[in-house]
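Work through the exercises below with the sequence and the 3D structure open. Each task is followed by a solution in steps.

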Amino acid sequence: MNTYKILLLLMGLSIMGCSDLEEEPVGLLSPDGFFSTTQDIQTAVDGALTHAINEEIWGRKLSMSLLLRSDMAELMSGQPYRAEMDMHNVSGDNEMVYDPWTRMWLGISAANNAIAGAESVGVNEEVKNPVVAQAYFARAFYYFHLVRLFGDIPYFDSPAGDEADFSVSLTSESDVYDNIISDLQFAKTWLPTTVASRAIPSKAAASSYLALVYLTRAGTNDMTYFQLAFDEAKEVIDNKGEYQLDLDPDFQTLFNANKIDNSLEPIFALDYNSVEAEDNAYDQTAPMTGIRGDSGWSVIVPSMAVYNSFEDGDYRKNVSFQTEATINETLVDYTQFDISGHEHAANRPYIAKYTRYPGEFARGDKRATSHNYSMLRYAEVLLIAAEAGVEIGSPLALGYLNEVRTRARNGGESTSGGYTEVTIAPSTVPANLASITVADVLEERRLELAFECKRWYDIKRRQLGDQVFGSTGLEGNKSDWNSSVDYDTPIPQEEIDRNPNLGGL
């Protein structure tokens with residue numbers, strides 16, 4: 001049988017184990033017969049989370065498509081399927097749609113197997129449920145990406161395999177969100193307060209994701225969900241000591257593979273470890289965003305307007321962009337990056353968050369890094385509270401936003417724009433705001449979370465497409481943008497061909 005012949009069959013078969021998020025196949029598991037101890041549940045949970053570090057999700061396909069669909073980075077070179085993402089004419093035959101779709105269902109399958117298999121493990125809930133809660137968190141994590149990308153999707157909360165599963169219909173976006181919230185609430189109840197690694201789900205991770213889910217579901221005007229988002233984010237903020245969370249004093253540390261393990265800021269992370277593992281479980285973000293001739297492939301690059309949108313003196317500008325490189329043994333600034341002679345080299349600043357401090361890496365082009373990618377970090381929780389707080393009229397909103405801006409003034413140990421490490425002195429930029437609007441918070445999110453694959457989701461939930469993809473946008477006019485259809489990714493056509501019920505509600 002072709003590996004991808006039937007997606008739902010794959011969902012019932014694939015579980016991978018992991019050790020420090022290094023992929024190690026452990027065979028084909030099913031809930032019947034395998035699960036007898038909590039370690040068996042943990043093995044399935046680790047397999048569920050391992051799928052996220054695959055090249056088809058955060059190693060390249062999903063993360064790069066999220067960058068391209070935003071207004072913060074554009075395509076310099078690459079196959080037509082990447083151009084579709086960049087220009088918003090995405091087809092159902094695009095492999096950057098199909099591959100993440102398939103891989104996320106594998107993660108959901110492993111989580112469902114862990115949850116179902118746990119029923120056979122005869123230990124007290126107090127022993128079992130903290131492990132099972134990781135599976136609920138993993139399932140919510142994948143479904144949250146899927147529903148934001150595709151809208152209405154099929155929904156499974158048990159191992160697939162019954163004949164009826166192969167003709168399943170779509171579940172409404174609203175119902176999927178209800179299920180995500182339910183999973184995260186279970187996870188929040190049972191997950192531990194602190195964990196040995198931020199790649200392990202914690203109570204704070206479940207609560208922080210709940211806040212983000214509520215904020216997303218609020219859209220532009222649902223005050224009930226804005227209140228829920230604010231309350232959930234505030235709970236995390238108020239308990240940051242117990243959760244061992246805080247803003248890292250040096251913004252650069254968040255993108256330094258050698259230092260981030262000791263940072264208090266990540267809440268939930270995908271942890272790479274310099275291994276090019278089997279089944280493509282490794283990181284390719286650095287070469288995808290790096291400078292041609294300086295260990296990069298020059299595929300995805302910000303526009304000059306994006307670079308200029310950061311205030312000079314804002315330390316985040318220094319951390320986020322590379323403005324110098326050594327190419328052909330010559331140190332040049334960004335106005336001469338084309339001395340590599342490559343047709344796709346761009347004379348403008350490149351993304352530096354993933355190329356500057358990748359840790360030990362397996363290849364000279366920085367493929368397979370040691371990065372911990374923060375899926376959610378404490379600064380974002382502050383900004384969730386700020387945005388929801390503005391909507392509900394909380395006087396705390398301004399203070400939360402200004403905490404993030406205050407850290408941006410700290411400076412720290414970064415570089416002068418290339419690879420020569422220097423200490424960047426504290427600055428007066430960005431200054432604290434005296435008042436706050438929703439637009440202020442969205443702009444702060446754009447700057448603080450630049451190139452962290454958050455911006456497209458913000459554009460969608462706030463319906464900003466017509467604004468940011470027009471002629472005055474940071475990347476200029478995206479002529480193919482159509483707000484009536486382009487906020488949702490098309491479900492892979494191959495899946496619809498197999499099951500016409502997936503063609504729409």
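**Exercise 1: a helix pair**

Task: describe how helix H9 and helix H15 cross, and which residues make the contact.

Solution. Step 1: helix H9 (residues 203–218) and helix H15 (residues 378–392) have axes that come within 10 Å and cross at roughly 35 degrees. Helices (H or I, at least four residues) and strands (E, at least two) are DSSP runs, numbered from the N terminus. Axes are lines fitted to C-alpha atoms, for helices over the stretch in contact, with angles running from 0 to 180 degrees between N-to-C directions.

Step 2: H9 and H15 cross in a left-handed way, a term for a near helix turned anticlockwise from the far one by less than a right angle.

Step 3: on H9 the contact (heavy atoms within 4.5 Å) is made by Ser208, Ala211, Leu212 and Leu215, and on H15 by Glu380, Val381, Ile384, Glu387 and Ala388. Six of the contact residues are nonpolar, one is polar and two are charged. Ala, Val, Leu, Ile, Met, Phe, Trp, Tyr, Cys and Pro count as nonpolar, Asp, Glu, Lys and Arg as charged, and the others, Gly among them, as polar.

A note on the source: this is a predicted model, in which local features need pLDDT of at least 70 and side-chain atom pairs count only at pLDDT 80 or more, while totals for chains, interfaces and linings use all residues. Residues are numbered from 1 along each chain as its sequence is written, and side-chain values use heavy atoms, with hydrogens and water left out.

**Exercise 2: pocket and cavity**

Task: give the volume and lining of the largest pocket, then of the largest cavity.

Solution. Step 1: on a 1 Å grid over the protein atoms alone, a cavity is a set of points where a 1.4 Å probe fits but cannot get out, and a pocket is an open set with protein on both sides within 12 Å along at least five of seven lines; lining residues have an atom within 4 Å of a point. Grid points are joined across faces, edges and corners, and a volume is the space filled by probe spheres set on the points.

Step 2: the largest pocket has a volume of about 580 Å³. Its lining has 32 residues, and Ala196, Ser197, Arg198, Ala199 and Ile200 lie nearest the centre. Strand E4 gives the most to this lining, four residues. By class, the pocket lining has 16 nonpolar, 11 polar and five charged residues.

Step 3: there are six cavities of 30 Å³ or more, and the largest cavity holds about 150 Å³. It is lined by 16 residues, with Phe255, Tyr354, Tyr373, Ser374 and Glu452 closest to its centre. Strand E10 supplies the largest share, four residues. The cavity lining divides into 10 nonpolar, five polar and one charged.

**Exercise 3: backbone exceptions**

Task: where do Pro430 and His88 lie?

Solution. Step 1: most residues other than glycine have a negative phi, and most peptide bonds are trans.

Step 2: the peptide bond from Val429 to Pro430 is cis, with omega near 0 degrees. Pro430 is in the loop between strand E12 (421–424) and helix H17 (438–448).

Step 3: His88 is not a glycine, yet has a positive phi of about 65 degrees. His88 sits in the loop between helix H5 (80–87) and H6.
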